[in-house]
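The following exchange examines how descriptive terms are assigned in a predicted model. Each answer sets a computed value against its definition.

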Amino acid sequence: MALRETGSQDGFYAWINRRLPISSFVKKHLTGYYAPKNFNFWYFFGSLALIVLGIQIVTGIILVMHYKPDASLNFAGIPRAFASVDYIMREVPFGWLIRYMHSTGASMFFVVVYCHMFRGLLYGSYREPRELIWVFGTLIFLCLMAEAFFGYLLPWGQMSYWGAQVIVNLFSAIPIIGEDLSLWIRGDYVIGDATLNRFFSFHVIAIPLVLIGLVIAHLAALHEVGSNNPDGIEIKDHKDESGVPLDGIPFHPYYTVKDLFGASVFMVIFFLVVFFVPEMGGYFLEANNFIPANPMSTPTHIAPVWYFTPFYSILRATTTDFLYRLAVTFLLYIILSWRLLGSLVARSSVVLMWVAMVIGFRYVDAKFWGVLLMGVSVLILFFLPWLDCSPVRSIRYRPYWHMVIYFLFVISFFALGILGIQPPTPASQLVSQMLSLGYLSFFFLMPWWSRKGRFRAVPVRVVD
């Protein structure tokens with residue numbers, strides 16, 4: 001009776017809102033969050049990444065209800081883990097759909113994340129004051145790589161088993177601690193039941209918890225400093241009398257409706273893949289992974305899933321000859337950056353680093369340097385906010401030849417990915433080495449080339 005007399009303001013919603021500030025949350029992050037009015041196609045991919053994350057969590061929970069992380073053989077001589085995946089596909093109602101949604105979602109996750117990161121690269125979304133947003137985003141990318149790697153073993157097929165064998169054995173190349181580290185990761189002297197169980201726990205519990213926390217931190221940091229835009233202009237610098245950005249519009253309903261349209265198109269593409277080409281010609285699900293894992297039979301060609309192949313190509317391209325070419329390239333980098341290094345201490349440190357690197361190339365096995373370069377090719381992304389010395393953020397106002405550099409970088413990345421899938425040959429190895437130098441030079445030479453050329457004037461206000 002009291003609820004009816006006091007009206008809607010003192011109803012159930014008001015009771016909840018006093019204890020859980022829903023209204024203030026919605027106002028801060030949706031209706032009261034002003035985003036630049038000139039977002040374009042590239043800004044779909046952030047929300048699409050959230051959608052795919054939701055798909056992966058929901059489908060993963062359902063798959064875990066039926067999956068058995070057990071490498072022992074059943075009465076038919078098939079590993080129980082592999083048999084449980086087969087049971088999901090054949091016996092669980094719509095299990096084939098859930099499994100294909102999860103496997104397709106893994107690849108689509110990397111598609112949208114790569115596009116999302118490339119947009120940040122184009123428009124300088126990692127520049128001040130958004131460095132922390134970029135760092136959180138890169139940590140999310142690393143978690144996705146770990147999550148995909150741990151999940152890759154779970155079907156316990158031939159490519160799962162041997163792919164994990166190759167990747168885990170890479171850690172043995174680390175001097176002194178390598179063998180013990182590989183043993184610790186496997187939990188045994190070979191890839192087996194202990195490895196499967198610990199990878200399962202990381203894939204299902206540990207990494208998803210970290211990933212969700214990083215996504216929350218990423219969004220919180222974004223809403224604290226505001227979104228970047230294709231012009232690279234801070235919309236907070238121009239506000240009206242009430243403090244509303246003149247070049248901003250409320251995220252809801254304008255961008256929520258726009259994102260719903262993008263999500264609708266994405267889901268059409270997603271389910272076309274799920275229903276018609278879930279294996280995607282062997283790129284999403286390899287044919288060898290439909291064969292039970294057999295430690296006594298090695299596949300003729302072992303390659304990771306497509307989203308790892310650019311970095312795998314860098315690993316595979318690292319030979320002794322390539323290391324000396326890399327030393328020459330690094331020497332060229334020192335010469336170009338000599339004036340930027342400034343102090344005598346900085347210059348001496350870089351020269352000593354180069355000498356130590358050449359000595360290391362001589363006495364340390366190339367396998368270790370391949371693992372190191374593969375790691376550097378990913379970890380270098382963390383330092384992008386400080387490597388880019390351009391006076392402007394967006395590619396729109398940089399010299400035209402900067403666009404050529406970005407184009408060559410994209411070509412190098414795609415070509416490395418293609419070569420990483422193919423069996424190695426002397427010719428492909430030489431091309432991979434050239435492309436690896438191009439990929440690494442893009443970042444290491446960025447402090448030099450990013451400040452060169454004639455930059456166009458950045459407008460004061462957002463160009464709609």
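A crossing is called right-handed if the near helix is turned clockwise from the far one by less than a right angle, and left-handed if anticlockwise. In this predicted model, the crossing of α13 and α19 is right-handed.

Q: Why are α13 and α19 called roughly parallel to each other?
A: Helix α13 (residues 320-336) packs with α19 at an angle of about 30 degrees, their axes lying 11 Å apart. Angles under 35 degrees count as roughly parallel, and α13 and α19 are therefore described in that way.

Q: Which residues of α13 and α19 meet?
A: From α13, F322, R325, L326, T329 and Y333 meet Q433, S436, L437, L440, S441 and F444 of α19. By class, this contact of α13 with α19 comprises six nonpolar, four polar and one charged residues.

Q: What makes α18 oblique to α19?
A: Helix α18 (residues 400-421) and helix α19 (residues 426-444) pack at an angle of about 140 degrees, with 9 Å between their axes. Roughly antiparallel requires an angle over 145 degrees, and roughly perpendicular covers 65 to 115. The angle falls in neither range, so α18 is oblique to α19. The contact of α18 with α19 has 12 nonpolar, four polar and no charged residues, and the crossing of these two helices is left-handed.

Q: How do you know whether P93 is buried or exposed?
A: The relative accessible area of P93 is 69%. Exposed means over 50%, so P93 is exposed. P93 is found in the loop between α5 (80-90) and α6 (95-123).

Note on methods
Residues numbered from 1 in each chain as written. Predicted model: local features only at pLDDT ≥ 70, side-chain atom pairs only at ≥ 80, totals over all residues. Heavy atoms only, no water. Helix = DSSP H or I, 4+ residues; strand = E, 2+ residues; numbered from the N terminus. Buried < 20%, exposed > 50% of the residue type's maximum accessible area, 1.4 Å probe, protein only. Axes fitted to C-alpha atoms, helices over the stretch in contact; angles between N-to-C directions. Nonpolar A, V, L, I, M, F, W, Y, C, P; charged D, E, K, R; others polar. Contact = heavy atoms within 4.5 Å.
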